[in-house]
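User: Could you take a close look at one helix in this model for me? I'd like to know which of its residues are tucked away, what covers them, and how the disulfides fit into the picture.

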Amino acid sequence: MNLARFIFSAAAASLVLTTLAQSALAAESCAKEVGPAKARRYARDCVEVSPATHPPCNALNPCDLILGEIKRSCQLFAGNGRPQICAAYR
């Protein structure tokens, strides 16, 4: 990969992450959307299945962000090791 392509890729990734962060800040927290107990369950399940080093598994994030990470993780690993969790979010 040449340097110009790498710089473009890094800039594009940065833009995507910035956009996601801004939309997360603008959205309502999951705890406010569905209540604290359900939001904590989403966050706990998210931590259980996500391979990310800094996943968005926090009840203060929007539910869409948390649920998206759960679904992405379950698809990535086809529910390996966590079939009960993944089955609940299909």
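Analyst: In α3 of this predicted model, the buried residues are A39, Y42, A43, D45, C46 and V49. Look down the helix axis and those buried residues fall within an arc of 165°, so they line one face of α3. Flip to the face turned away from that buried side and you find exposed residues: A37, R40, R44 and V47. As for the helix itself, α3 has 14 residues and reaches 20 Å from first C-alpha to last, close to the 20 Å expected at 1.5 Å a residue.

So what sits over the buried side? The cover on the buried residues of α3 includes α2, α4 and α5. For orientation, the protein has 5 helices and 0 strands, running α-α-α-α-α from the N terminus on.

Two of the buried residues on α3, Y42 and V49, also turn up in the largest nonpolar core. That core has 15 residues, and those with the most contacts inside it are C30, Y42, V49, I66, L67, I70 and Y89. The elements giving two or more residues to the core are α3, α4 and α5, with α4 giving the most, at 5 residues.

C30 is a good one to click on next. Leaving aside neighbours within four places in sequence, C30 is in contact with A39 and Y42 of α3, and the rest of its contact list is G35, A59, L60, N61, P62, C63 and I66. One of those partners is also bonded to it: C30 and C63 form a disulfide, with their sulfur atoms 1.9 Å apart. This pair links distant parts of the chain, with C30 in helix α2 (residues 30-34) and C63 in helix α4 (residues 63-77), 33 residues apart. The torsion about the S-S bond is about 90°, so this disulfide is right-handed. Both C30 and C63 are buried.

Now back to α3, which has a disulfide of its own through C46. That residue is joined to C57, S to S 1.9 Å. Here the S-S torsion is about -60°, so the C46 and C57 disulfide is left-handed. C46 lies in helix α3 (residues 36-49) and C57 in the loop between α3 and α4, so the pair ties together parts that are 11 residues apart in sequence. C46 and C57 are both buried.

The structure holds 3 disulfides, and the remaining one is between C74 and C86, with sulfur atoms 2.0 Å apart. Its torsion is about -85°, so this disulfide is left-handed. C74 sits in helix α4 and C86 in helix α5 (residues 83-88), 12 residues apart. C74 is buried, and so is C86. Number the bonded cysteines in sequence order and the pairing reads 1-4, 2-3, 5-6.

Zooming out for context, buried residues make up 29% of the 90 residues in the protein. Of the contacts between residues at least 6 apart in sequence, 50% join residues at least 24 apart. The protein exposes about 6,300 Å², and carbon and sulfur atoms supply 61% of that.

Notes
Residues are numbered from 1 along each chain as its sequence is written. This is a predicted model: local features need pLDDT of at least 70, side-chain atom pairs count only at pLDDT 80 or more; totals for chains, interfaces and linings use all residues. Side-chain values use heavy atoms; hydrogens and water are left out. A disulfide is a pair of cysteine sulfur atoms within 2.5 Å. Buried means under 20% relative accessible area, exposed over 50%, partly exposed in between (1.4 Å probe, protein chains only). A nonpolar core is a set of buried Ala, Val, Leu, Ile, Met, Phe, Trp, Tyr and Cys residues joined through side-chain atoms within 4.5 Å. Contact means heavy atoms within 4.5 Å. The expected span of a helix is 1.5 Å times one less than its number of residues. The arc is that of the directions from the helix axis to the C-beta atoms. Accessible areas come from the Shrake-Rupley method with a 1.4 Å probe; for residues, only the protein chains shown count as cover.
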